[in-house]
Amino acid sequence: DETAVSIIQDNGTKPPKILANIVSSQEEVHKKFGGVVPELAARSHLEKIEIITKKALIKSKVKLEDVDAISATAGPGLIVCLSVGFNFAKSLSLTLKKPLIAVNHLEGHALSPMFQNHIKYPYLLLLISGGHSQYLIVNGLGKYKRIGTTIDDALGEAFDKTAKMLGLPYPGGPHVAKLAEQGDPARFDFPRPMVKQGGLDFSFSGLKTHTLTTVRACEAGGMLSDTDKADIARAFETAVVDTLVIKCRRALKQENLRRLVMAGGVSANVRLRAALETKLGKEGAQVFYPAPKLCTDNGAMIAYAGALRLAAGEADGSDAEVRPRWSMTELRAPKAK
């Protein structure tokens with residue numbers, strides 16, 4: 001639900017320089033529905049994509065004909081939304097006779113922390129967003145092995161549903177986190193899902209149900225007060241943070257790794273970042289994550305993923321299509337030149 005265009009410049013051995021990174025959010029369009037409406041999203045993309053592209057070119061001071069290549073998200077995601085951006089990119093590629101790179105949206109997230117950090121392979125990736133919650137081992141570009149995933153709701157979705165229970169706007173994550181700052185950490189003790197069973201899979205449906213039960217119990221005495229809302233938000237966020245710390249520690253130990261990369265919209269959560277840095281840092285692990293503006297969907301991460309694959313000799317033809325379902329484990333490392 002973001003229309004985004006970025007222009008980046010190769011910076012030698014250092015991370016590329018972001019010359020422009022324009023993001024137009026559709027938050028206001030979807031807020032009253034409590035989630036993304038595909039038809040409205042696609043219409044908004046159509047209305048904005050050319051305008052956003054022009055803004056990016058003006059800000060970067062780059063002429064369109066001087067761009068070396070064009071990368072665009074080809075999946076995973078809603079087909080009506082993917083098609084708008086990818087077909088626009090394909091048209092530019094054909095008109096300008098420039099290479100086109102079809103990028104996996106999740107690979108973009110996985111690489112996004114590298115704008116600020118030099119991260120050596122291999123590393124453990126915790127990918128947490130509105131549609132995905134999973135652990136992957138990253139051994140290099142295109143070398144991904146999934147070792148854990150959600151068996152029900154993605155974490156971002158659980159935040160959105162909790163926000164809705166508390167009467168907070170969409171998207172829920174930032175609003176729940178802000179409200180949690182005012183909450184009493186000692187009032188409610190929510191369960192830490194699937195931490196005792198072993199393994200690295202997630203489940204947030206039980207935590208969501210416990211949140212709803214707590215909301216209804218508070219409402220039994222009258223209207224849900226602002227204090228109730230803040231305390232519930234704090235309990236929910238604390239349960240999530242504790243669960244992820246336990247799982248991350250388990251995953252690092254299991255895979256004998258010392259580097260954790262966290263990416264996706266939920267990786268912007270300040271309390272989660274602090275807890276992982278503090279608790280995993282004591283065990284000698286390094287924790288990396290993107291700048292806040294690069295946590296949610298953006299063009300810069302797609303441009304970077306495309307630039308890396310272009311440098312490795314990859315490009316897609318005009319017959320390339322979007323892929324609504326496209327796991328990172330289906331990707332392959334570029335062939336050696």
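**A five-stranded sheet and its helices**

Helix H8, residues 226–255, lies across four strands, namely S5, S6 at 133–140, S7 and S8, and it runs at about 150 degrees to S5. Helix H9, residues 270–281, also packs on the sheet, where it touches S5, S8 and S9. The direction of H9 makes about 175 degrees with that of S8. Before I go on, please keep in mind that this is a predicted model.

Now the sheet itself. It is open, has five strands, and its order reads S7-S6-S5-S8-S9, with mixed pairing. Which strands stand at the edges? They are S7, residues 143–149, and S9, residues 286–288. Each has a single partner strand, so one side of each is left without a neighbour in the sheet. On average, neighbouring strands are turned by 25 degrees against each other, direction ignored.

I will take two of the pairings. S5, residues 123–128, and S8, residues 259–263, pair in the parallel sense, over four bridges. Within that pairing, Leu 127 has Ala 263 of S8 as its bridge partner.

The other pairing is that of S6 with S7. In what sense do S6 and S7 pair, parallel or antiparallel? The sense is antiparallel, and there are six bridges. One of the residues to look at is Gly 140, whose bridge partner in S7 is Lys 143. S6 and S7 form a hairpin with two residues between the strands. In this hairpin Gly 142 takes a positive phi, near 80 degrees.

To recap the mixed pairing in this sheet: S5 with S8 is parallel, and S6 with S7 is antiparallel. That is the end of my part.

Technical notes: Residues are numbered from 1 along each chain as its sequence is written. This is a predicted model: local features need pLDDT of at least 70, side-chain atom pairs count only at pLDDT 80 or more; totals for chains, interfaces and linings use all residues. Side-chain values use heavy atoms; hydrogens and water are left out. Two strands pair if DSSP finds at least two bridges between them. Axes are lines fitted to C-alpha atoms, for helices over the stretch in contact, and angles run from 0 to 180 degrees between N-to-C directions. Contact means heavy atoms within 4.5 Å.
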